[in-house]
Amino acid sequence: MKNLQTSRRQLLAALGAGAALLPLLAPRRGFSATPLFPKRLLIVTLPNGYHSDDYIPTGTATQLSDLQLSDSLSPLAPWKDQLAMLAPMDCPNINAAEDYHRSYAMNMSGGPSVDKQLGPESVWSPTLPTLDQVIGGKLAAQNLGLLRTLPLRLPFGDVFGVDSKREALRSFWIGENQPVTPEVNPYNVISSYFAGKAANDPMMESVRAEKRSMLDFLGRDLERFSKSLGTADQLNVAGHLQAIRDIESILGQTPAAQPLVPDSITSTAGMPLDFNSLMNYPALVKIQFDLATAALRADLTRVVTVQLGSAWGDAHTFPWLPGTGENTWHSMGHDDGPEKRVLDKWLMGQFSELLARLAAVPEVGPNSKTMLDNTVVLWATTMLTGTHTPQLPWMLAGSCGGAIKTGQYLRGSEGIPVNRLLIDLCQAMEVPVTSFGDPTITGSVPGLLA
Amino acid sequence: MTRCLQFPPCVAMALLFACAAGCTGHIPGSGTSSEHAAHQPASATNQGDPTQGTSTAGVGGQMASVANPAGSPGIRPLRRLNRDELANTVSDLLGASTPVPATITDMLSDSGYQQSGNISKVEAEGLIDWTGSVAAVGVEKVLPLSGCSATGATRTAEDACARTFIAAFGRRAFRRPLSQVEQDELFTYYADKLRTGLAYDHSTAIRGLVWLMLQSPRFLYHWERSAEPAQVVNGQIALDLHEIAARLSYLFWSSMPDDALLDAADAGNLSTTQQIDVQARRLLADEKGARVAENFILQWVGVIDLSRMTKADKYAFTAPLGAAMVAESKRDVRAVFGYDGSLNRLFTSPVTTIDDPNLAKIYGYTGALGNTPITLDPTQRAGLLTSAAFLTSQTLHSDLNPIKRGLAVVQRLLCRTVPSAPANVPPAKPADPNLSTRKRLTQHDQNACAIGCHAVFDPAGMTFEHYDGVGAYRTMDGGEPVDSSATLQLDAGTVNVADAVELSRVLAQSEEVRACVARQWLRFVVQRPDTDADQPSLTVTQAITQGKDPDLRELMAAITTTPAFISRSPSPGETISAEVQP
């Protein structure tokens with residue numbers, strides 16, 4: 001991170017003309033007054049699982065330090081103490097294998113889906129909010145000005161095909177019919193989410209005043225409009241209304257003291273990256289992870305999500321990654337060959353670098369030394385292997401302020417409903433629930449919580 | 001419809017029935033339905049309920065004459081204007097050509113067609129910025145609607161002008177007359193902009209009003225009715241005349257109604273099936289009417305936006321080439337619809353136009369480029385299924401193309417459903433330069449769990465084996481001569497075809513495809529999967545395509561007088577006024 005004052009000019013150049021409206025980037029709340037740091041949740045979603053031999057560590061111990069990670073997972077070796085790897089769980093509300101290319105939201109909501117019953121043309125929608133919305137919504141309600149979530153994504157190489165199904169494109173949902181669109185454009189993220197109040201700019205202030213008045217009108221208009229509609233359409237409009245309220249909330253934010261911007265963004269100054277290009281994927285992963293870290297550090301929100309691929313990956317190639325040929329993420333999953341291992345290892349390298357970013361932010365408190373200690377990262381793929389093996393091999397990193405016992409491979413999670421992990425994560429984030437997505441499923445993942 | 005007189009003799013006989021029905025507004029099998037009122041004439045301000053005062057001559061009674069009286073038109077889900085619709089609408093409304101931002105996305109609908117996505121924060125922000133630009137660019141064009149001269153007006157005069165503007169612009173932007181309450185609220189918003197700290201002048205405040213109105217749910221969503229609870233008659237809700245006007249224009253033009261259509265709705269002149277039919281044919285015959293042909297036909301067969309496709313390096317595929325492919329197919333569709341609308345012609349004609357040198361290479365064409373129709377080798381090319389756009393759209397990176405091409409034929413053209421892929425799919429046979437695609441897939445097919453699925457679609461896909469990943473013709477694959485023969489199980493019986501040219505001929509004459517295109521058109525129009533309840537509407541559309549080579553223009557027009565188009569079922573949870581039992 002660097003002080004924006006030194007790089008603001010380059011940043012503006014990178015952002016183009018629209019950036020004249022760019023406000024300063026900054027932590028919104030200072031932490032110096034209190035040693036108690038907030039707990040954060042960072043969820044990363046990705047499709048197509050791991051190579052079939054690679055996820056489960058070698059050995060019979062439970063402590064990761066006594067277990068051997070596969071070569072694909074070896075980039076995580078330095079973080080063994082910070083990891084909690086879960087033996088593949090079950091998602092009881094998903095029943096057919098192909099659903100694992102539609103199941104992001106069902107995994108994250110723990111609830112059943114609405115199936116439009118059209119065979120392969122069917123579209124799946126969750127019926128309940130996903131983990132990020134439950135936790136982010138609760139925290140935002142408790143903390144004035146806190147944004148519910150920051151949803152980010154990477155380019156998917158999506159073309160108009162199965163990859164365009166909304167359940168494949170959207171991991172996170174406010175509820176039925178209300179998918180949350182993640183932001184692929186990092187420049188938008190800066191100008192939108194990090195938008196503090198631009199100081200001493202009367203022109204800017206008049207635009208903001210007009211926007212505030214407009215949003216206020218629109219909010220009331222949407223509420224009224226919604227009343228004459230059926231339930232499903234009302235939910236659709238409720239998502240729209242929520243968006244308007246979120247934007248109002250951002251507009252209402254106060255200016256920041258210490259402007260910060262990720263290095264990865266300023267390094268592209270003068271030549272903005274094409275954020276839809278798969279060729280820029282590695283640079284964009286870096287940028288989005290930097291933005292995720294910056295948002296958590298600045299306490300803009302306590303829940304960030306990053307979606308690395310569509311649930312299919314049918315058009316997602318890695319032409320810049322030697323050893324993956326011209327294969328798609330999807331086809332590498334089915335082939336289960338050396339290409340998949342190359343990709344998996346690269347992804348684990350990114351996971352490792354993400355943890356390094358979080359661990360680079362000092363947060364010395366009763367249960368923490370760095371921001372990673374106050375965070376829980378959920379690294380969630382939709383299936384155990386890319387050949388439609390229907391289990392969920394999810395990993396956690398960070399102890400969430402001491403709430404999660406890290407350093408272990410949790411054999412007790414094998415085959416248990418993922419709902420129990422969702423319950424535990426709420427618990428860890430101090431959003432207590434007794435069930436998540438399915439009232440008949442209660443209890444914890446054995447041995448996960450401290 | 002004047003086009004009825006222009007059909008070449010070879011198809012005139014086949015079209016006689018459909019054409020006669022279309023020209024007079026009668027629906028096949030509907031008897032004298034056009035004499036029945038679909039709606040009672042609405043008042044000019046459209047504040048009344050459109051079904052009020054009707055008896056059996058209302059929508060319920062008219063349904064009974066169309067088909068199964070127990071049939072339901074199905075719900076009409078709320079949809080945002082899609083990207084094309086937004087772009088065309090602001091162009092027609094404000095003369096603005098500001099591109100719709102990439103954050104406003106369309107997706108694949110439940111029924112397999114382009115459909116607008118929802119509005120969450122990313123889209124809402126994109127809309128705020130975009131509509132702000134559109135309002136700034138377009139306000140000058142619409143300001144005259146206020147009737148005010150540019151300068152020197154008093155505040156009182158300006159206020160009157162603002163009210164005039166709100167009524168006139170609102171009617172076009174919201175595609176229906178505004179209620180007095182709506183007009184008052186918008187006026188208050190306008191007046192606030194002049195009197196608050198912003199202290200805008202008249203035209204700036206009007207600009208602000210336009211910005212606001214372009215973000216209104218009444219602009220953004222296809223829902224052109226007042227907030228009053230809908231009245232249900234016989235389990236059905238008759239669409240408001242302004243809803244029908246907008247539905248017609250967005251179906252055929254992907255844009256807002258023109259003045260003639262809005263006037264017709266205002267005057268109650270969309271109340272009978274005949275009046276609706278007249279407007280439908282007017283829109284179809286308009287230059288903008290080609291949009292629906294391109295949109296529906298290409299989406300139906302499975303041509304996707306190729307400007308974002310990536311292919312293996314060996315194909316030297318670029319975004320401009322992909323765009324040229326789609327443009328070629330659009331021209332082909334446009335040409336057929338400008339001539340006779342023949343389904344058979346769409347799938348068998350070797351005639352096309354090529355204006356791109358790289359596309360010419362793919363077709364092995366060496367003549368002059370341009371818009372002059374040329375005839376490709378008819379042993380290699382026959383209509384849409386052998387077009388570069390289709391063949392490239394339905395491919396896999398692994399070049400196991402028969403899977404997707406076969407699926408497209410089976411699901412899209414034959415309307416069949418295919419079972420979901422099973423759990424624990426075995427790894428595919430890796431690509432091997434010395435192994436033909438057919439052999440790779442044949443080995444795959446030996447696998448017990450693959451038989452159930454691949455046997456359904458691989459045979460149709462194999463017929464396309466003469467075309468590589470971008471649709472170039474080839475005679476060798478994996479070191480051996482291409483074998484594109486296949487045995488297909490159609491409803492009419494078992495058919496052996498030698499290649500995709502023969503497949504296209506068989507499909508173009510198949511009753512199964514004719515029935516399917518009528519079903520697909522219904523799905524496209526209602527923007528949801530069809531259900532058993534849609535049978536009355538399906539009966540109408542399938543009557544157009546059954547037993548003959550259909551004119552697809554007739555199919556397109558015919559749906560506008562079906563229950564699925566002019567009425568809807570109440571949505572679950574919708575507040576309705578007490579059900580009326582006629």
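Helices and strands in this tour are DSSP runs, a strand being a run of E of at least two residues, numbered from the N terminus, and two strands pair if DSSP finds at least two bridges between them. The model is a predicted one.

**Stop 1: a hairpin in chain B**

Select residues 486-490 and 493-497 of chain B, which are strands S9(B) and S10(B), paired in the antiparallel sense over five bridges. The connection from S9(B) to S10(B) is a hairpin of two residues. For one position within the pair, show Thr487(B), which stands opposite Asn496(B) in S10(B).

**Stop 2: helices H12 and H13 of chain B**

Move next to residues 319-339 of chain B, helix H13(B), and check its end-to-end distance: because a helix of 21 residues should span 30 Å at 1.5 Å a residue, the 30 Å between its end C-alpha atoms agrees with expectation. Colouring by burial will pick out residues of H13(B) including Leu321(B), Met325(B), Val326(B), Val333(B), Val336(B) and Phe337(B), and also Glu328(B) and Asp332(B), which are buried too. What lies over these buried residues includes helices H12 (290-301), H14 (343-348), H15 (357-363), H16 (388-393) and H23 (552-558) of chain B, together with strand S5 (351-352). After H13(B) comes Gly341(B), with a positive phi near 65°.

From that list, select H12(B), whose twelve residues reach 17 Å from the first C-alpha to the last, close to the 16 Å expected at 1.5 Å a residue. H12(B) is mostly covered, with ten of its twelve residues buried, and among these are Arg291(B), Glu294(B), Phe296(B), Ile297(B) and Trp300(B). Gly302(B) follows H12(B), and its phi is positive as well, near 105°.

**Stop 3: chain A and its seven-stranded sheet**

Now turn to chain A, whose secondary structure comes to twelve helices and 15 strands, and of whose 450 residues 58% count as buried. Of the contacts in chain A between residues at least 6 apart in sequence, 72% join residues at least 24 apart.

Display the open sheet of seven strands, which runs in the order S6-S10-S2-S13-S14-S3-S15 (chain A) with mixed pairing. Its edges are S6 (150-153) and S15 (408-410) of chain A, each of which pairs on one side only, and the twist averages 15° from one strand to the next. At the S15(A) edge, strand S3 (83-86) of chain A runs parallel to S15(A) and is joined to it by three bridges, with Gln408(A) as the bridge partner of Ala84(A). Add helix H3 (131-142) of chain A, which lies across S2 (40-46) and S10 (303-307) of chain A and runs at about 155° to S10(A).

**Stop 4: a loop residue**

Select Thr387(A), in the loop between S13 (375-381) and S14 (395-397) of chain A. Is Thr387(A) buried or exposed? It counts as buried, because 22 C-beta neighbours fall inside 10 Å, where the threshold is 20 or more. Its C-alpha atom is separated by 7.8 Å from that of Asn48(A), although the two residues are 339 residues apart along the chain.

**Stop 5: the nonpolar cores**

Finish with the largest nonpolar core, of 111 residues, in which Leu86(A), Ala292(A), Ala295(A), Val377(A) and Leu425(A) have the most contacts. Its largest share, ten residues, comes from helix H9 (281-297) of chain A. Centre on Leu425(A): leaving aside neighbours within four places in sequence, Leu425(A) is in contact with Leu41(A), Leu131(A), Val376(A) and Leu378(A). Apart from this core lies another, of 102 residues, among them Ile304(B), Val336(B), Tyr467(B) and Phe524(B).

Technical notes
Residues numbered from 1 in each chain as written. Chains lettered and ligands numbered in written order. Predicted model: local features only at pLDDT ≥ 70, side-chain atom pairs only at ≥ 80, totals over all residues. Helix = DSSP H or I, 4+ residues; strand = E, 2+ residues; numbered from the N terminus. Expected span 1.5 Å × (residues − 1). Contact = placed C-beta atoms within 7 Å. Core = buried A, V, L, I, M, F, W, Y, C linked by C-beta atoms within 7 Å. Axes fitted to C-alpha atoms, helices over the stretch in contact; angles between N-to-C directions.
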